[in-house]
Structures are given as structure tokens and as C-alpha cells.
Amino acid sequence: HKGWAIEGAIGSKVKIDASYLSPHVNMASRLEAATKQYRVPLLMSEAFFTGLSGHVQSTCRRVDRVMFKGSTDPIQIYHVPGASDWSNNPVSNHSELVAMTSWDEDTENDYRGLIRDAQSKIDSDNEISHRDLYDGLMNAYLDKDWTMCKIYSHLWIKKWPGDRIVVALIEELSRHNFICPDDWQCHKLTEK
């Protein structure tokens, strides 16, 4: 995160430490805490992300739109993927995630073209096709089309069973039975 802060000395005559106060320091702390939920080593706020060069931005993944405890406005959060993000080492509950993101025959009929297109992107060796599918997955989630997000997530987690960000997304969607609540704006994170 980036933003202003006030530095001050606190302590006693024997020991003095620096302290930093600001809502931006709190935001950085909350982002650090959120890394545990998303199972990644680093998350970036939208404010930090927009300060990056276009080239560096193109290497980042959008993770979620969240509202942290004590905040009134949702923000986008981002992550710079590493080799472990595209891991083929399945998470311990991989079979359960694949089963819960499967779809019925009606969904198959309604989304046949989309499923075929998404599968061809997954099967491609082209990284741009993979990013395009991931962006489609995130857009479907944020646009409240959780059926489409569920389909994309299913195909994604089968190809990259160790993708911790998509695993966290599936777990969040499953808490709502993959049905977007009418009043949903963003994922609300309650930990400080």
C-alpha cells in the first residue's frame, strides 16, 4: 500500500522507538493479514498497483475486491504471481473443490459455447489465453455472474490444482452456494 503517515517517537528515557500512525499504515497491516486468507506472500492495494508501470501491472493478478473492517469503500487487491501460483501440486481438498464447482446438464446446455471457448484457452500453451481466462473468471465474479465464475473456476482448478487464489475464491463462493447475494458489493474481510 502507499500513502501518508506520521512518524513519532514513543517510549521512555531508557528506550525510544519510532511509531507510524495513519489509516494507510492500518491498510498495509490489513493487507498483510489478508495474505494468510489468500495463501500468498504479498498482496497490493489498488493505490499501490496504480503507481506501478504498465509493464509491471501486466504481470500482476487481480485477486479480489474487498472491504476491510473499519473501511467504508471496497478496494481491488492484486498479487504478483510466482511459480507456486501455477502449481500442479493439488491442495488437500482438490477433489472436493472440483466436485463443488461441477455443473448440471441445464448449465451445460446454457453455457455450452462459453465452456468450449474456456476449455480451448485452458488447453492452449499460450499464456495470454490463460490470462484472458483468469480475467474472465475474475470479471464474472465481480460482475455477480457466479455461475460463469463457477465454470471458469472448475476448469482452472483442474488445470492448476495448486492455485491458492482460485482456491480461496471457490471457498468464498461456496459459502454462498455459488449464488450471489442481492446486496453483494465485495468480499468483506473482518480480521484486522
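**Helix 8 against helix 9**

I looked up which residues join these two helices in this predicted model. From helix 8, Trp-146, Cys-149, Ser-153, Trp-156 and Ile-157 make contact with helix 9. On the side of helix 9, I noted Val-166, Val-167, Leu-169, Ile-170 and Leu-173. I then sorted the residues of this contact by class: nine are nonpolar, one is polar and none is charged.

Next I looked up the geometry. Two packed helices are described by the angle between their axes and the distance between the axes. Helix 8 covers residues 146-159 and helix 9 covers residues 164-174. I found an angle of about 140 degrees for the pair, and their axes are 10 Å apart. Angles over 145 degrees would count as roughly antiparallel, so I entered helix 8 and helix 9 as oblique to each other. I also wrote down that their crossing is left-handed.

**The nonpolar cores**

Which residues have the most contacts inside the largest nonpolar core? I listed Tyr-38, Leu-43, Phe-68, Ile-77, Leu-137, Tyr-141 and Trp-156, in a core of 45 residues. Then I checked which elements supply at least two residues of this core. Among them are helix 1 (23-38), helix 4 (94-100), helix 6 (112-123) and helix 7 (127-142). Strand 4 (61-68) and strand 5 (75-79) are also in that list, as are helix 8 and helix 9. Helix 8 gives the most to this core, with eight residues.

I followed Leu-137 further and left out residues up to four places away in sequence. Leu-137 touches Cys-149, Tyr-152, Ser-153, Trp-156, Val-166 and Leu-169. Of these, I had already met Cys-149, Ser-153 and Trp-156 on the helix 8 side of the helix pair, and Val-166 and Leu-169 on the helix 9 side.

I also found a second, separate core, made of five residues. Phe-49, Leu-52, Cys-60 and Tyr-78 are included in this second core.

**Arg-131**

I looked for Arg-131 and found it in helix 7. Is Arg-131 buried, exposed or partly exposed? Its relative accessibility is 24%. The buried class ends under 20% and the exposed class starts over 50%, so Arg-131 counts as partly exposed. Leaving out residues up to four places away in sequence, I noted that Arg-131 touches Ser-58, Thr-59 and Cys-60. Cys-60 is also in the second core. I looked up one distance as well: the C-alpha atoms of Arg-131 and His-1 are separated by 24 Å, and the two residues are 130 residues apart along the chain.

**Asn-177 and Phe-178**

I then went to the loop between helix 9 and strand 6 (187-189), where Asn-177 is found. Phe-178 has its place in this loop too. Asn-177 is not a glycine, yet its phi is positive, about 55 degrees. Phe-178, also a residue other than glycine, has a positive phi near 60 degrees. I compared their accessibility. Asn-177 has a relative accessible area of 61% and is therefore exposed. Phe-178 is at 11% and therefore counts as buried.

**The whole chain**

Last, I took totals. How many helices and strands does the protein chain have? I counted nine helices and six strands. The C-alpha atoms fill a box of roughly 70 × 35 × 30 Å along the principal axes. Of the 192 residues in the chain, 42% are buried. Among contacts with a separation of 6 or more, 64% join residues 24 or more positions apart.

Key:
Residues numbered from 1 in each chain as written. Predicted model: local features only at pLDDT ≥ 70, side-chain atom pairs only at ≥ 80, totals over all residues. Heavy atoms only, no water. Axes fitted to C-alpha atoms, helices over the stretch in contact; angles between N-to-C directions. Helix = DSSP H or I, 4+ residues; strand = E, 2+ residues; numbered from the N terminus. Parallel < 35°, antiparallel > 145°, perpendicular 65-115°, else oblique. Left-handed = near helix turned anticlockwise from the far one by under 90°. Contact = heavy atoms within 4.5 Å. Nonpolar A, V, L, I, M, F, W, Y, C, P; charged D, E, K, R; others polar. Core = buried A, V, L, I, M, F, W, Y, C linked by side-chain atoms within 4.5 Å. Buried < 20%, exposed > 50% of the residue type's maximum accessible area, 1.4 Å probe, protein only.
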